[in-house]
Amino acid sequence: MAVRVNCPTCKRGIAWSDDYPFRPFCSERCRLIDLGAWLSEQHAIPGKEPEFSDESASGGDSSPEN
Ligand SMILES: [Zn+2]
């Protein structure tokens, strides 16, 4: 009784068996596509984003003018 999974890339249903050495992907191509997408997402993220929330939290500079 084989466990069936869906290829994360093309959503094709495959059997979780030695027939698919690239599982959960249906093929090496789909595996590379998913890996490439993951890497490109990592590259898209800028190195470090400055957090301004810490600056406003220190406060003390608020001068209500009424
Ligand atoms: Zn696939």
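Me: Where along the chain is alanine 2 found?
Reply: Happy to start there, with the numbering: residues count from 1 along each chain as its sequence is written. This is a predicted model, in which local features need pLDDT of at least 70, side-chain atom pairs count only at pLDDT 80 or more, and totals for chains, interfaces and linings use all residues. Strands are DSSP runs (E, at least two residues) and helices likewise (H or I, at least four), numbered from the N terminus. Alanine 2 is found in the segment before strand E1 (4–6).

Me: Is alanine 2 buried or exposed?
Reply: A residue is buried if 20 or more other C-beta atoms, placed from the backbone, lie within 10 Å of its own, exposed if 12 or fewer, and partly exposed in between. Alanine 2 has 10 other C-beta atoms within 10 Å, so alanine 2 is exposed.

Me: Which residues is alanine 2 in contact with, leaving aside its neighbours within four places in sequence?
Reply: Two residues are in contact if their C-beta atoms, placed from the backbone, lie within 7 Å. With those neighbours left aside, the partners of alanine 2 are Ala15, Trp16 and Ser17.

Me: Which element of the protein chain has the highest mean pLDDT?
Reply: pLDDT is the predictor's confidence in each residue, from 0 to 100. The protein chain has a mean of 82, and 68% of its residues reach 70 or more. Among its elements, helix H2 (residues 53–58) has the lowest mean, 60, while the highest, 96, belongs to strand E2 (residues 13–15).

Me: What pattern does the protein chain follow along the sequence?
Reply: There are two helices and two strands in the protein chain. Read along the sequence, their pattern is β-β-α-α.
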